[in-house]
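Visitor: Hello! Could you teach me how to read salt bridges in a protein model?
Guide: Gladly, let us look together.

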Amino acid sequence: MRQKKSGWKRPALLFLILLLLAQIGDIVYLQYFDTSRRRLPVLMYHHFADEAKEGTVVTPVRFREQMDALKEAGYQAVTIPQVIDYVENGAPLPARPILITMDDGYGSNLDTAAPILEETGMCATVFAIGINEGEEYYPHSGEPMWQERFAFEKAAPWVEKGVIDVQSHTFDMHQLASYGYSGRDGVLRLEGESDEDYRQALLSDMEAFRQRRGNRVATELLALAYPFGYYSEEADALLKEAGYAVTFTIDERPNYLSVHNGSCLRMMGRVNVTDWISGQELVQLLQPYSN
(Lines give C-alpha, C1' and ligand atoms only; values in the text may rest on other atoms or scores of the structure.)
Protein backbone atom coordinates (compact mmCIF):
# COMPACT_ATOMS: atom_id res chain seq x y z
CA MET A 1 0.00 0.00 0.00
CA ARG A 2 1.43 3.41 -1.02
CA GLN A 3 2.04 5.70 1.91
CA LYS A 4 0.38 9.11 1.65
CA LYS A 5 2.94 11.91 1.33
CA SER A 6 3.11 14.53 4.04
CA GLY A 7 1.26 17.73 3.20
CA TRP A 8 3.60 20.10 5.07
CA LYS A 9 5.78 20.97 2.06
CA ARG A 10 3.07 22.73 0.09
CA PRO A 11 2.10 25.27 2.82
CA ALA A 12 5.79 25.89 3.57
CA LEU A 13 6.54 26.55 -0.09
CA LEU A 14 3.52 28.82 -0.34
CA PHE A 15 4.71 30.74 2.71
CA LEU A 16 8.18 31.23 1.18
CA ILE A 17 6.67 32.47 -2.08
CA LEU A 18 4.44 34.94 -0.23
CA LEU A 19 7.40 36.13 1.84
CA LEU A 20 9.49 36.68 -1.30
CA LEU A 21 6.65 38.59 -2.98
CA ALA A 22 6.28 40.77 0.10
CA GLN A 23 9.98 41.59 0.05
CA ILE A 24 9.85 42.45 -3.65
CA GLY A 25 6.79 44.57 -2.98
CA ASP A 26 8.64 46.48 -0.26
CA ILE A 27 11.54 47.21 -2.63
CA VAL A 28 9.21 48.40 -5.39
CA TYR A 29 7.24 50.53 -2.93
CA LEU A 30 10.35 52.18 -1.49
CA GLN A 31 11.80 52.90 -4.92
CA TYR A 32 8.72 54.07 -6.78
CA PHE A 33 5.94 55.00 -4.35
CA ASP A 34 7.44 55.96 -0.99
CA THR A 35 8.35 59.59 -1.63
CA SER A 36 9.65 59.97 1.92
CA ARG A 37 12.72 57.79 1.21
CA ARG A 38 14.95 58.40 -1.80
CA ARG A 39 18.38 57.32 -2.95
CA LEU A 40 20.83 60.06 -3.84
CA PRO A 41 24.05 59.25 -5.71
CA VAL A 42 26.84 61.76 -5.04
CA LEU A 43 29.77 62.07 -7.45
CA MET A 44 33.26 63.23 -6.44
CA TYR A 45 35.64 64.98 -8.84
CA HIS A 46 38.82 67.00 -8.27
CA HIS A 47 40.89 68.62 -11.04
CA PHE A 48 40.32 68.85 -14.82
CA ALA A 49 43.10 68.92 -17.42
CA ASP A 50 43.84 67.85 -21.00
CA GLU A 51 45.99 64.97 -19.73
CA ALA A 52 44.75 62.69 -16.98
CA LYS A 53 48.04 61.46 -15.54
CA GLU A 54 46.57 60.98 -12.06
CA GLY A 55 43.41 59.33 -10.80
CA THR A 56 42.08 62.63 -9.50
CA VAL A 57 42.28 64.32 -12.92
CA VAL A 58 39.52 64.12 -15.56
CA THR A 59 39.85 65.43 -19.11
CA PRO A 60 37.28 67.89 -20.50
CA VAL A 61 36.31 65.40 -23.23
CA ARG A 62 35.60 62.67 -20.70
CA PHE A 63 33.77 65.01 -18.34
CA ARG A 64 31.45 66.17 -21.12
CA GLU A 65 30.84 62.56 -22.13
CA GLN A 66 29.95 61.68 -18.53
CA MET A 67 27.59 64.65 -18.16
CA ASP A 68 25.90 63.88 -21.49
CA ALA A 69 25.44 60.23 -20.50
CA LEU A 70 23.92 61.18 -17.14
CA LYS A 71 21.52 63.59 -18.81
CA GLU A 72 20.52 61.00 -21.42
CA ALA A 73 19.90 58.47 -18.63
CA GLY A 74 17.45 60.89 -16.99
CA TYR A 75 19.62 62.19 -14.17
CA GLN A 76 19.08 65.77 -13.02
CA ALA A 77 21.70 67.52 -10.94
CA VAL A 78 20.47 68.95 -7.64
CA THR A 79 21.92 71.39 -5.14
CA ILE A 80 22.58 70.91 -1.45
CA PRO A 81 19.76 73.36 -0.53
CA GLN A 82 17.37 71.22 -2.61
CA VAL A 83 18.48 68.10 -0.74
CA ILE A 84 18.04 69.82 2.62
CA ASP A 85 14.60 71.11 1.59
CA TYR A 86 13.54 67.58 0.69
CA VAL A 87 14.69 66.15 4.03
CA GLU A 88 13.34 68.99 6.17
CA ASN A 89 10.10 69.77 4.35
CA GLY A 90 9.40 66.96 1.88
CA ALA A 91 9.94 69.31 -1.10
CA PRO A 92 9.97 67.34 -4.36
CA LEU A 93 13.17 66.10 -6.00
CA PRO A 94 13.59 65.06 -9.65
CA ALA A 95 12.84 61.44 -10.57
CA ARG A 96 16.58 60.70 -10.82
CA PRO A 97 18.45 63.23 -8.71
CA ILE A 98 22.25 63.35 -8.60
CA LEU A 99 24.60 65.57 -6.62
CA ILE A 100 27.90 66.45 -8.33
CA THR A 101 30.78 67.55 -6.09
CA MET A 102 34.38 68.66 -6.63
CA ASP A 103 37.06 68.83 -3.95
CA ASP A 104 39.83 71.35 -3.19
CA GLY A 105 38.75 74.40 -5.24
CA TYR A 106 40.90 74.14 -8.37
CA GLY A 107 40.70 76.85 -11.00
CA SER A 108 39.79 74.15 -13.52
CA ASN A 109 36.48 73.68 -11.70
CA LEU A 110 35.50 77.09 -13.07
CA ASP A 111 37.51 77.38 -16.28
CA THR A 112 36.89 73.85 -17.57
CA ALA A 113 34.05 72.13 -15.71
CA ALA A 114 31.62 75.02 -15.18
CA PRO A 115 31.04 75.77 -18.90
CA ILE A 116 30.40 72.08 -19.55
CA LEU A 117 27.99 71.93 -16.63
CA GLU A 118 26.15 74.97 -17.94
CA GLU A 119 25.93 73.61 -21.49
CA THR A 120 24.58 70.25 -20.30
CA GLY A 121 22.13 71.75 -17.81
CA MET A 122 24.00 70.42 -14.78
CA CYS A 123 25.38 72.04 -11.62
CA ALA A 124 28.00 71.15 -9.00
CA THR A 125 29.16 71.92 -5.48
CA VAL A 126 32.85 72.72 -4.97
CA PHE A 127 34.41 72.07 -1.56
CA ALA A 128 37.22 74.62 -1.33
CA ILE A 129 40.15 74.59 1.10
CA GLY A 130 39.87 77.96 2.80
CA ILE A 131 43.55 78.69 3.43
CA ASN A 132 44.42 77.93 -0.22
CA GLU A 133 41.58 79.97 -1.74
CA GLY A 134 42.93 82.37 -4.37
CA GLU A 135 46.55 81.68 -3.39
CA GLU A 136 49.50 80.98 -5.70
CA TYR A 137 51.73 79.50 -3.01
CA TYR A 138 51.05 77.04 -0.21
CA PRO A 139 50.83 79.18 2.96
CA HIS A 140 52.80 76.74 5.13
CA SER A 141 55.67 75.75 2.83
CA GLY A 142 55.82 78.74 0.51
CA GLU A 143 56.03 76.34 -2.44
CA PRO A 144 54.07 77.12 -5.63
CA MET A 145 50.60 75.58 -5.78
CA TRP A 146 50.39 72.34 -7.76
CA GLN A 147 47.44 73.87 -9.59
CA GLU A 148 45.68 77.23 -9.45
CA ARG A 149 43.08 77.61 -6.70
CA PHE A 150 40.26 79.99 -7.54
CA ALA A 151 39.29 83.00 -5.44
CA PHE A 152 35.70 83.24 -4.25
CA GLU A 153 35.16 86.35 -6.38
CA LYS A 154 36.02 84.37 -9.50
CA ALA A 155 33.43 81.76 -8.55
CA ALA A 156 30.76 84.34 -7.76
CA PRO A 157 29.37 84.72 -11.33
CA TRP A 158 28.97 80.96 -11.64
CA VAL A 159 27.32 80.86 -8.21
CA GLU A 160 24.84 83.54 -9.27
CA LYS A 161 24.01 81.50 -12.37
CA GLY A 162 23.31 78.45 -10.20
CA VAL A 163 25.98 76.39 -11.98
CA ILE A 164 28.47 76.25 -9.08
CA ASP A 165 28.14 76.44 -5.31
CA VAL A 166 31.12 76.81 -2.96
CA GLN A 167 31.16 74.95 0.34
CA SER A 168 33.85 73.92 2.85
CA HIS A 169 36.72 71.44 2.71
CA THR A 170 37.84 72.98 6.05
CA PHE A 171 39.95 76.09 6.42
CA ASP A 172 43.30 74.48 7.29
CA MET A 173 42.60 70.86 8.19
CA HIS A 174 43.34 69.46 4.75
CA GLN A 175 46.49 68.09 6.37
CA LEU A 176 48.14 64.80 7.17
CA ALA A 177 50.31 64.31 10.23
CA SER A 178 53.15 63.34 7.88
CA TYR A 179 53.15 66.86 6.39
CA GLY A 180 54.71 68.11 9.62
CA TYR A 181 52.51 71.19 10.08
CA SER A 182 49.53 70.41 12.33
CA GLY A 183 50.43 66.87 13.37
CA ARG A 184 46.79 66.01 12.70
CA ASP A 185 45.20 63.70 10.13
CA GLY A 186 42.33 65.73 8.71
CA VAL A 187 39.79 66.60 11.39
CA LEU A 188 40.73 63.76 13.74
CA ARG A 189 41.69 64.30 17.37
CA LEU A 190 45.39 64.46 18.25
CA GLU A 191 46.73 61.83 20.59
CA GLY A 192 46.31 63.08 24.14
CA GLU A 193 44.27 66.11 23.07
CA SER A 194 41.66 67.13 25.64
CA ASP A 195 37.97 67.27 24.81
CA GLU A 196 37.92 71.05 25.09
CA ASP A 197 41.10 71.58 23.08
CA TYR A 198 39.79 69.34 20.32
CA ARG A 199 36.43 71.08 20.32
CA GLN A 200 38.08 74.48 20.06
CA ALA A 201 40.42 73.33 17.28
CA LEU A 202 37.53 72.17 15.11
CA LEU A 203 35.20 75.05 15.85
CA SER A 204 37.98 77.60 15.27
CA ASP A 205 38.81 76.07 11.89
CA MET A 206 35.14 76.06 10.88
CA GLU A 207 34.78 79.69 11.91
CA ALA A 208 37.95 80.65 10.01
CA PHE A 209 36.47 79.23 6.82
CA ARG A 210 33.18 81.01 7.45
CA GLN A 211 35.00 84.32 7.98
CA ARG A 212 37.12 83.91 4.85
CA ARG A 213 34.12 83.04 2.70
CA GLY A 214 32.00 85.80 4.22
CA ASN A 215 29.58 87.26 1.69
CA ARG A 216 31.93 86.80 -1.25
CA VAL A 217 29.56 84.25 -2.80
CA ALA A 218 25.78 84.46 -2.69
CA THR A 219 24.81 81.08 -1.24
CA GLU A 220 24.62 79.98 2.38
CA LEU A 221 27.44 77.96 3.97
CA LEU A 222 25.77 74.63 4.70
CA ALA A 223 28.08 71.70 3.96
CA LEU A 224 31.55 70.26 4.45
CA ALA A 225 33.49 67.43 2.83
CA TYR A 226 35.95 65.68 5.12
CA PRO A 227 39.57 65.96 3.92
CA PHE A 228 41.13 62.62 2.92
CA GLY A 229 37.98 60.88 4.12
CA TYR A 230 39.01 61.11 7.77
CA TYR A 231 35.93 61.54 9.93
CA SER A 232 34.35 60.40 13.19
CA GLU A 233 31.03 60.62 15.02
CA GLU A 234 32.72 62.97 17.48
CA ALA A 235 33.90 65.33 14.73
CA ASP A 236 30.56 65.22 12.98
CA ALA A 237 28.70 66.23 16.14
CA LEU A 238 30.98 69.26 16.44
CA LEU A 239 30.43 70.20 12.80
CA LYS A 240 26.70 70.04 13.36
CA GLU A 241 27.17 72.38 16.31
CA ALA A 242 29.11 74.70 14.00
CA GLY A 243 26.12 74.91 11.67
CA TYR A 244 27.03 72.43 8.93
CA ALA A 245 23.76 70.75 7.94
CA VAL A 246 25.36 68.23 5.56
CA THR A 247 28.70 66.39 5.68
CA PHE A 248 30.37 64.15 3.11
CA THR A 249 32.92 61.35 3.23
CA ILE A 250 34.80 59.58 0.43
CA ASP A 251 33.17 56.25 1.29
CA GLU A 252 31.55 54.71 -1.78
CA ARG A 253 28.10 53.74 -0.55
CA PRO A 254 24.44 54.59 -1.30
CA ASN A 255 22.71 57.49 0.44
CA TYR A 256 19.09 57.11 1.57
CA LEU A 257 17.26 60.38 2.10
CA SER A 258 14.31 60.37 4.50
CA VAL A 259 11.90 63.21 5.14
CA HIS A 260 12.19 64.67 8.67
CA ASN A 261 15.32 62.60 9.37
CA GLY A 262 18.31 64.91 9.44
CA SER A 263 20.69 62.08 10.29
CA CYS A 264 20.58 60.95 6.65
CA LEU A 265 22.49 64.14 5.75
CA ARG A 266 25.46 63.27 7.95
CA MET A 267 28.62 61.59 6.64
CA MET A 268 27.15 60.89 3.21
CA GLY A 269 28.90 58.59 0.73
CA ARG A 270 30.34 59.63 -2.63
CA VAL A 271 31.41 57.84 -5.80
CA ASN A 272 34.89 58.78 -7.01
CA VAL A 273 34.84 59.48 -10.76
CA THR A 274 38.00 59.07 -12.82
CA ASP A 275 38.95 59.63 -16.45
CA TRP A 276 38.97 55.86 -16.92
CA ILE A 277 35.19 55.67 -16.55
CA SER A 278 33.22 56.24 -19.76
CA GLY A 279 29.84 57.93 -19.74
CA GLN A 280 27.96 54.67 -20.15
CA GLU A 281 30.12 52.96 -17.54
CA LEU A 282 29.30 55.75 -15.10
CA VAL A 283 25.57 55.28 -15.69
CA GLN A 284 25.94 51.54 -15.07
CA LEU A 285 28.11 52.14 -12.02
CA LEU A 286 25.39 54.30 -10.46
CA GLN A 287 22.62 51.68 -10.69
CA PRO A 288 23.04 50.46 -7.07
CA TYR A 289 23.15 54.09 -5.85
CA SER A 290 20.03 55.34 -7.62
CA ASN A 291 16.26 54.97 -7.45
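Guide: We will go through the salt bridges here, one pair at a time. This is a predicted model, where local features need pLDDT of at least 70 and side-chain atom pairs count only at pLDDT 80 or more, while totals for chains, interfaces and linings use all residues. Residues are numbered from 1 along each chain as its sequence is written, and side-chain values use heavy atoms, with hydrogens and water left out.

Visitor: What is a salt bridge?
Guide: A side-chain nitrogen of Lys or Arg within 4 Å of a carboxyl oxygen of Asp or Glu. A search of the whole structure finds 19 of them.

Visitor: Where do R62 and E65 lie?
Guide: Both are in helix 2 (residues 60-72), three residues apart, about one turn of the helix. Helices are DSSP runs of H or I with at least four residues, strands are runs of E with at least two, and both are numbered from the N terminus. The closest N and O atoms of R62 and E65 are 3.0 Å apart.

Visitor: Which parts of the chain does the pair D236 and R266 tie together?
Guide: Their side chains meet in a salt bridge at 2.8 Å, N to O. D236 lies in helix 7 and R266 in the loop between strand 11 and strand 12, so the pair ties together parts 30 residues apart in sequence.

Visitor: Are D236 and R266 buried or exposed?
Guide: Both are buried. Buried means under 20% relative accessible area, exposed over 50%, and partly exposed in between (1.4 Å probe, protein chains only). By contrast, R62 counts as partly exposed at 22%.
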